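Here is a quick walk through one chain, from its overall build down to a few charged pairs. Have the sequence and the model open side by side as you read.

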Amino acid sequence: MEHKLVIYNTLTRKKEQFIPIHSPNVGLYVCGPTVYGDPHLGHARPAITFDILFRYLKYLGYKVRYVRNITDVGHLENDADEGEDKIAKKARLDQVEPMEVVQYYTNRYHKAMEALNVLPPSIEPHASGHIIEQIEFTDKILKAGYAYESEGSIYFDVEKYNKDHHYGKLSGRNIDEMLETTRELEGQTEKKRSVDFALWKKAAPEHIMRWNSPWSVGFPGWHMECSAMGTKYLGEEFDIHGGGMDLMFPHHECEIAQSNAALGKDTVKYWMHNNMITINGQKMGKSLGNFITLEEFFTGQHKLLTKAFSAMTIRFFILQAHYRSTVDFSSEALEASEKGLERMMEGYVRLQKLSPSETSTVEVKGLREKCVAAMNDDLNTPMVISALFDALRAINLVHDGKETIIADDLKELQSVFDLFLYGLLGLQSESDASGGTEAYQKAVDLLLNIRLEAKKNKDWTTSDKIRNELTALGFEIKDTKDGFEWKL
Ligand code: ZN
């Protein structure tokens, strides 16, 4: 595979040439949602970031197996080893079965992802469907001597592990300091050290999500599912593991420790983390009142929003920042993105309708190379967008009759826009996104062409009827020198 893709590896803290372990196959694992609430912005960013990676790897010619899990058991309140399971708590409050909570929010997550034009992964395993694999993985760690049993629960022995390996190598945390500061807490829990983490938890009598194991009736620790399911579907060594930066510690640090303890090696070659989203400069959080769900964005039903924003505006907004930069959401910033996306999509429609000339006065050479180079540089989507905006200026000048373009250049421009705007950035016009298809676009064009003919024949009744009825349906129609433009 000839390419120059370079990605930033969080583990080595540098940009590295991407070389898969078993080319042309690529294994990609991304931590998915814990399904106990409505999907929000914090779900949108990793999903979109790794959707771009998934699309680009496939474009490069790789056969990608993309695994994104559903966490439906074992994720306790405050991401800790004590407290109620997030799913079980929601089930108790809503007086439903835990699996009803899981199904309901998984459906809503899928619906939101579809609206954001995030491609579905190749496999979407549920933690609750892989209890046996998690027990087996835990057993390997026990047999290797890096875990201990306490009151029916199994804990990872961080201090012991750190003597042979390096606990903290991903997050850069200093384990000696952690051990020192946590030593005082000894004896307060059934763990030896508070840095130790649960691989298996014995269920308290009131805990309803429970399974048999060699140690107790209980449930797996939160970090175990990703180790068990990642290696099950992608092998003991695979290429890329992704997720939000907030998962680096403890979640991903614990995954690395689990792999080294059970298998004696690192499972993941490249770790990739997207940065976080703030809202009006503040961290997102339920208690801060700035927790905006995707549905609230789509409907505008939130006090921090001036209006509703489409899923494509949100996708575009996220892609206007590099995935390793922070993104600050505000209504004003989103309005600017909305306008930018609208200009881009209008330009795309114009591009399809430009007529070629005998000579070119615009330069299109180098656009494709510029976009490819930006993607190769650790998925620099803002650079791709800026290159497309530059090309847009040329398109508009040709459209206005101020510049000309030859047929070959026009074809190249159309092909670059199709590939990058639609194929790789995964953007769509609002009419595509609202269930529209190419056929629908063509049907509206057809009606407006009939109207054009009617006008030529001075059949004003037909021409006005088409215009008025389309306008009543919400279409905006503009007459131009070459014919017409429309949008919904
Ligand atoms: Zn995970």
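Helices here are DSSP runs of H or I with at least four residues, strands are runs of E with at least two, and both are numbered from the N terminus. Counted that way, the chain has 17 helices and 15 strands. Keep in mind that this is a predicted model.

**The chain as a whole**

The C-alpha trace spans about 90 × 50 × 35 Å along its principal axes. Of the 488 residues, 53% count as buried. If you take the contacts between residues at least 6 apart in sequence, 73% of them join residues at least 24 apart. The surface comes to about 22400 Å² exposed, with carbon and sulfur atoms supplying 51% of it.

As for charge, there are 58 positive and 72 negative side chains, and the centres of the two sets lie 3 Å apart.

**Helix α1**

Let's start with α1, which covers residues 41-59. Does its length fit the ideal rise, or what span should we expect? At 1.5 Å a residue, its 19 residues should span 27 Å, and the end C-alpha atoms are indeed 27 Å apart. This helix is largely enclosed by the rest of the structure, because 16 of its 19 residues are buried. Just after α1 comes G61, with a positive phi of about 110 degrees.

**Salt bridges across the sequence**

The chain holds 32 salt bridges. Three of them are listed here, with the nitrogen-to-oxygen distance.

| Pair | N to O distance |
|---|---|
| R324 and D378 | 2.8 Å |
| K487 and E346 | 3.2 Å |
| R368 and E412 | 3.0 Å |

Take R324 and D378, whose side chains meet at 2.8 Å. This pair links distant parts of the chain, 54 residues apart: R324 sits in the loop between α10 (311-319) and β13 (327-329), and D378 in the loop between α12 (367-376) and α13 (381-399). Are the two partners buried or exposed? R324 counts as partly exposed at 30% relative accessibility, whereas D378 is buried, with a relative accessible area of 0%.

Next, the side chains of K487 and E346 form a salt bridge at 3.2 Å. K487 belongs to strand β15 (residues 484-487) and E346 to helix α11 (residues 331-353), so the bridge ties together parts that are 141 residues apart in sequence. K487 is partly exposed at 27% relative accessibility, and E346 is partly exposed too, at 31%.

Then there is the bridge between R368 and E412, at 3.0 Å. Here a helix meets a helix: R368 lies in α12 and E412 in α14 (residues 407-424), so parts 44 residues apart in sequence are tied together. R368 counts as partly exposed at 22% relative accessibility, and E412 is partly exposed at 26%.

**A network around R451**

Some salt bridges share partners, and in this way R451, K455, R467 and D479 are joined into one network. Where does R451 sit? Its place is in helix α16, residues 438-456. R451 has just 3% relative accessibility, so it counts as buried, the cut-off being under 20%.

What does R451 touch, leaving aside residues up to four places away in sequence? The list is S463, I466, R467, I477 and D479. Two of these names, R467 and D479, also appear in the network.

How values were computed. Residues numbered from 1 in each chain as written. Predicted model: local features only at pLDDT ≥ 70, side-chain atom pairs only at ≥ 80, totals over all residues. Heavy atoms only, no water. Buried < 20%, exposed > 50% of the residue type's maximum accessible area, 1.4 Å probe, protein only. Contact = heavy atoms within 4.5 Å. Areas by Shrake-Rupley, 256 points an atom, 1.4 Å probe, with all protein chains shown as cover. Lys, Arg positive; Asp, Glu negative; His and termini not counted. Charge placed at Lys NZ, Arg CZ, Asp CG, Glu CD. Salt bridge = Lys/Arg side-chain N within 4 Å of Asp/Glu carboxyl O. Expected span 1.5 Å × (residues − 1).
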